[in-house]
Amino acid sequence: MTLLARGRPLHRLLTEPLLSVFGLFVLSFSTAGHAQQEARSGEELYIDRLGCWGCHGRAGEGGDGPALRNTRLPLWKFVKQLRLPSETMPPFAHNLVSDADLAIVYDWLDGVETVETPPPVALTLEGPNQVTAEIEVELTVRTVAANLDTSLADPTTWRYRVTLLRRDNTPIAQATLEHRLAGRKEWLEFTTDERGQAVLGPEEGFLPADGSETETEKETTTRLRISSLQANRYALMVEAIGGNESDNPVVFGIGTGIFTVE
Ligand code: HEC
């Protein structure tokens, strides 16, 4: 997530003065096309670039930090730990490592969840890192079907898993979130379950489930807002998922945002 707390567009501050109080998150989905140019293997990332091995062992067998090989953590929890560690581990910010690269590391460690790598869809959350009471997330969805394998190629079948956790990993249950698709007026409300999660779509996902999906590229902006959070630090993860069983999805894109409510 590139935080644009200060840089967030001035025009929006002018046209939406009320929202400017809270700021905006922007979540953009883009293809892995760019990322692929720099694609590195999980091992390269883990050993050479990020130095995870120093605390977690060369093969992820554990050290000062817990073992990561064959981790039972779902991808979203793995990535959350990197962005907003629960205890003493140093955080790894978005400018050091992308969410897509973290998915590659996870896959190399043989995590329990099935993850498409490199993730064919990149989700980027951008927004303020500090808010007073309400945050608003804006999603921009951009995909290139050519990068998707056939079972994932139709975005109208995608689902989106949204997870909201506190720094200490407490799930935020019964949180009310709203999202609004590009070109739509109405906000659609959804509520997180006891795991702090909600799965949207395909009908009311972050891409409109209509129109021709044969285009090679698609860009959609979805805004997401959350209200009534208590003062704390939070991690918000949004994943694009496929697969038939909701218990055993294939993750093909993940984006994370970290913010503080004061
Ligand atoms: C300076 C030591 C250190 C480094 C470097 C480090 N970690 Fe950690 N890691 C820890 C410690 C200590 C914990 C225990 C929880 C905590 O302190 O937040 C941990 C916990 C974790 C967990 C949670 C594991 C679980 O089962 O709960 C994951 C996932 C993780 N680290 C991944 C990574 C990855 C991937 C990297 C490299 C990008 C990395 N860590 C780099 C020290 C480190």
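Buried means under 20% relative accessible area, exposed over 50%, and partly exposed in between. The views below show a predicted model.

**View 1. Asp 110 and its backbone angle.** Asp 110 belongs to the loop between helix 7 and strand 2. This residue counts as partly exposed, because its relative accessibility is 44%, and partly exposed residues fall between the limits of 20% and 50%. Asp 110 is not a glycine, yet its phi is positive, at about 60°.

**View 2. Asn 70 in the loop between helix 5 and helix 6.** Asn 70 also has a positive phi, of about 55°, although it is not a glycine. With a relative accessible area of 48%, Asn 70 is partly exposed.

**View 3. The cis peptide bond from Thr 117 to Pro 118.** The omega angle of this bond is near -10°. Pro 118 is found in the loop that runs between strand 2 (114-115) and strand 3.

**View 4. The ligand and the residues around it.** The shell around the ligand holds 19 residues, of which Cys 52, Cys 55, His 56, Thr 88 and Met 89 come nearest. By class, 12 residues of this shell are nonpolar, 6 are polar and 1 is charged. Helix 5 (53-56) and helix 6 (75-83) each supply at least two of the shell residues. The largest share, 3 residues, comes from helix 6.

**View 5. Polar atoms facing the ligand.** How far is a nitrogen atom of the ligand from an N or O atom in the side chain of His 56? The distance between these two atoms is 2.7 Å. Gln 81 places a polar side-chain atom 3.0 Å from an oxygen atom of the ligand. For Met 89, a polar atom of the backbone is involved, and it lies 3.1 Å from a ligand oxygen atom.

**View 6. The pocket that holds the ligand.** In which pocket does the ligand sit? The ligand occupies the second largest pocket. This second largest pocket contains about 540 Å³ of space. Its lining is made of 26 residues, and those closest to the centre are His 56, Gly 65, Pro 66, Gln 81 and Met 89. Helix 5, helix 6 and helix 7 (99-108) are the elements that give two or more residues to this lining. Helix 6 provides the largest share of the lining, with 5 residues. The lining of the second largest pocket has 15 nonpolar, 7 polar and 4 charged residues.

**View 7. Trp 76 and Glu 126 beside Gly 255.** Trp 76 is part of helix 6. At 8% relative accessibility, Trp 76 counts as buried. The C-alpha atoms of Trp 76 and Gly 255 are 8.9 Å apart, while 179 residues separate them along the chain. Glu 126 is located in strand 3 (residues 121-126). Its relative accessible area is 16%, so Glu 126 is buried. From C-alpha to C-alpha, Glu 126 and Gly 255 are 9.6 Å apart in space, and they are 129 residues apart in sequence.

**View 8. Val 131 and Val 261.** Val 131 is found in strand 4 (residues 130-131). Is Val 131 buried or exposed? Val 131 is buried, because its relative accessible area is 2%. Val 131 and Val 261 are 130 residues apart in sequence, but their C-alpha atoms are separated by 5.0 Å in space.

Terms used:
Residues numbered from 1 in each chain as written. Predicted model: local features only at pLDDT ≥ 70, side-chain atom pairs only at ≥ 80, totals over all residues. Heavy atoms only, no water. Near = heavy atom within 4 Å. Polar contact = N/O pair within 3.5 Å; in protein donor to acceptor, adjacent residues only side chain to side chain. 1 Å grid on protein atoms, 1.4 Å probe; cavity = no way out; pocket = protein on both sides within 12 Å on 5 of 7 lines; lining within 4 Å. Sits in = over half its atoms within 2 Å of the grid points. Helix = DSSP H or I, 4+ residues; strand = E, 2+ residues; numbered from the N terminus. Nonpolar A, V, L, I, M, F, W, Y, C, P; charged D, E, K, R; others polar. Points joined across faces, edges and corners; volume = space filled by probe spheres on them. Buried < 20%, exposed > 50% of the residue type's maximum accessible area, 1.4 Å probe, protein only.
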